[in-house]
Amino acid sequence: MAAVTAAAIGGSLAVSAPAAHAAAAGTAPSCIGRYVTGTPEGFDVHLTNNCGRTMRVKVIVNNGGDSPCYTMAHGTSRLFIYEGVFGTYDRTVTC
């Protein structure tokens, strides 16, 4: 079973709702920057809000725990760190 470790810029993270709940959310708009970097332990996702308004987004992970729903003011960023053998980045959605 995959372990999840999380870190944040400007806040804290925790594993949140099951993926079935996230399925109802839509893909985050392109003004939410996503920079995904593979690591030896899993992957990192650096999110930036360039939308001009506050946005709520979360990272969806295949075969692993998703990020919590982040409330991001315009111009802020968050870093989600996933550590696990099986999880892969799927997408970023609104929540």
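Me: What share of the area that the chain exposes do carbon and sulfur atoms supply?
Reply: This is a predicted model, and the figures that follow are computed from it. The chain exposes about 5000 Å². Of that area, the part supplied by carbon and sulfur atoms is 56%.

Me: Which pattern does the chain follow when read along the sequence?
Reply: The chain holds 1 helix and 6 strands. Taken in sequence order, with the helix and strands written as α and β, the pattern is α-β-β-β-β-β-β.

Me: Which strand gives the most residues to the largest nonpolar core?
Reply: This core has 14 residues, and those with the most contacts inside it are Ile32, Leu47 and Phe80. Two or more residues come from each of strand S2 (42–49), strand S3 (55–62), strand S4 (70–72) and strand S5 (77–83). With 4 residues, the element that gives the most is S3.

Me: Is Asn49 buried or exposed?
Reply: Asn49 lies in strand S2, and, leaving aside residues up to four places away in sequence, Asn49 touches several residues, among them Ile32, Met55, Met72 and His74. Buried means under 20% relative accessible area. Because the relative accessibility of Asn49 is 0%, this residue counts as buried.

Me: Which residue offers the backbone oxygen that the side chain of Asn49 reaches at 2.9 Å?
Reply: The side chain of Asn49 also reaches a backbone nitrogen, that of Cys51, at 2.8 Å. The backbone oxygen reached by this side chain, at 2.9 Å, belongs to Arg53.

Definitions and conventions
Residues numbered from 1 in each chain as written. Predicted model: local features only at pLDDT ≥ 70, side-chain atom pairs only at ≥ 80, totals over all residues. Heavy atoms only, no water. Core = buried A, V, L, I, M, F, W, Y, C linked by side-chain atoms within 4.5 Å. Buried < 20%, exposed > 50% of the residue type's maximum accessible area, 1.4 Å probe, protein only. Areas by Shrake-Rupley, 256 points an atom, 1.4 Å probe, with all protein chains shown as cover. Polar contact = N/O pair within 3.5 Å; in protein donor to acceptor, adjacent residues only side chain to side chain. Contact = heavy atoms within 4.5 Å.
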